[in-house]
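Reader: I'm new to reading structures, so could you walk me through this one? Please explain the terms as they come up.

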Amino acid sequence: PQAPATVATAAPLLPPGLALVGAVIVAMQSAIYTYDGWTGPVYFSEELADPARDVPRTMIGGVLLVMTIYLLLNAAFLHVIPIREMAGDPFVAATAAARMFGPAGDTVLRIVNALVLMASRVPFAMSRDCLLPAILQRVNAGGTPVPALWASIALALGLILTNTFASVVAMLAFMFVANYAVTFATFFVMRRRQPQAPRPFRVPLYP
């Protein structure tokens, strides 16, 4: 008998327009938070004695430290969870915590992961610019913006308890990358418009 004819399948095409933007956002949200956070020391620059010296060092040292921790964590996850079980798991860290510390480990890890100290510095700065209530700019004797910190904690817990945290994180992933693009473009513009501005830390190989 004659062999059935094979039908050639067309190569999948990229979605056009807004659909392509949406696809990029979905892909981006899976990776951005792995690398984001290296700019965290900038949020604390006002609290440093010598920010011109300390911010670049902490940013570079932080990236190297996070790389080391990231590799060690992945080795620990592989020790607890076989790699075949990681496929399709949206939060391997929580699964590993649940296996090591019981059901409470998952909940605790998710809450701690959401509560980053640098988040409180954003409403603190916005309050000083009269964009948020004045109470958020209050600091304690040690210089910590306690009301802004508690406001950030309450917001994060609210998102977790209402099961909307993942949706907000997905939307913010695109905004983070857009913010980086604008910031980097501003960097080049300022170098051109203000060539004599004080720059205590020189970027190697730039321009």
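Reader: What is the relative accessible area of Arg-53?

Author: Heads-up: this is a predicted model, in which local features need pLDDT of at least 70, side-chain atom pairs count only at pLDDT 80 or more, and totals for chains, interfaces and linings use all residues. Residues are numbered from 1 along each chain as its sequence is written, and side-chain values use heavy atoms, with hydrogens and water left out. Buried means under 20% relative accessible area, exposed over 50%, and partly exposed in between (1.4 Å probe, protein chains only). Arg-53 counts as partly exposed because its value is 43%.

Reader: Which residue pairs with Arg-53 in a salt bridge?

Author: A salt bridge needs a side-chain nitrogen of Lys or Arg within 4 Å of a carboxyl oxygen of Asp or Glu. Here the N to O distance is 3.0 Å, and the partner of Arg-53 is Asp-54.

Reader: How many salt bridges does the structure hold?

Author: Side chains of opposite charge can pair when their charged atoms come close. Besides Arg-53 with Asp-54, there is Glu-46 with Arg-128, closest N and O atoms 2.8 Å apart, and Glu-47 with Arg-121, also at 2.8 Å. The count of salt bridges is three.

Reader: How many residues apart in sequence are the parts that Glu-46 and Arg-128 tie together?

Author: Helices (H or I, at least four residues) and strands (E, at least two) are DSSP runs, numbered from the N terminus. Glu-46 forms its salt bridge with Arg-128. Glu-46 sits in the loop between helix H2 (32-35) and H3, while Arg-128 belongs to helix H7, so the distance in sequence they bridge is 82 residues.

Reader: And in the pair Glu-47 and Arg-121, which residue counts as buried?

Author: Glu-47 and Arg-121 form a salt bridge, and because Glu-47 is in the loop between H2 and H3 and Arg-121 in helix H7, they tie together parts 74 residues apart in sequence. Glu-47 is partly exposed, at 44% relative accessible area. At 10% relative accessibility, the buried one is Arg-121.

Reader: Which helix do the buried residues of H7 pack against?

Author: Those buried residues are Arg-121, Pro-123, Phe-124 and Ser-127. Seen down the axis of H7, they fall within an arc of 165° (taken from the directions from the helix axis to the C-beta atoms), so they line one face of the helix. What they pack against is H8.

Reader: What comes right after H7: what is the phi of Cys-130?

Author: Most residues other than glycine have a negative phi, and most peptide bonds are trans. Cys-130 goes the other way, with a positive value. It is found in the loop between helix H7 (121-128) and helix H8 (146-161), and its phi is near 65°.

Reader: How many helices are there in the whole protein?

Author: Reading along the sequence, you'd write α-α-α-α-α-α-α-α-α. There are zero strands, and the number of helices is nine.

Reader: Which helix gives the largest share of the largest nonpolar core?

Author: A nonpolar core is a set of buried Ala, Val, Leu, Ile, Met, Phe, Trp, Tyr and Cys residues joined through side-chain atoms within 4.5 Å. The largest one has six residues: Phe-77, Ile-81, Met-86, Val-92, Ala-93 and Ala-96. Three of these come from one helix, and that helix is H5.

Reader: Which helix supplies the largest share of the nonpolar patch on the surface?

Author: Patches use residues with over 30% relative accessible area and no salt bridge: like charges are joined within 9 Å, nonpolar side chains (Val, Leu, Ile, Met, Phe, Trp, Tyr) within 5 Å. This one covers about 900 Å² and includes Trp-38, Met-67 and Phe-201 (areas come from the Shrake-Rupley method with a 1.4 Å probe; for residues, only the protein chains shown count as cover). Helix H3 (51-80) and H9 each supply at least two residues. The largest share, four residues, comes from H3.

Reader: How far apart in space are Phe-201 and Pro-56, C-alpha to C-alpha?

Author: Phe-201 is found in the segment after H9. Leaving aside neighbours within four places in sequence, Phe-201 is in contact (heavy atoms within 4.5 Å) with Ala-52, Pro-56 and Ile-60. Phe-201 and Pro-56 are 145 residues apart in sequence, yet their C-alpha distance is 7.5 Å.
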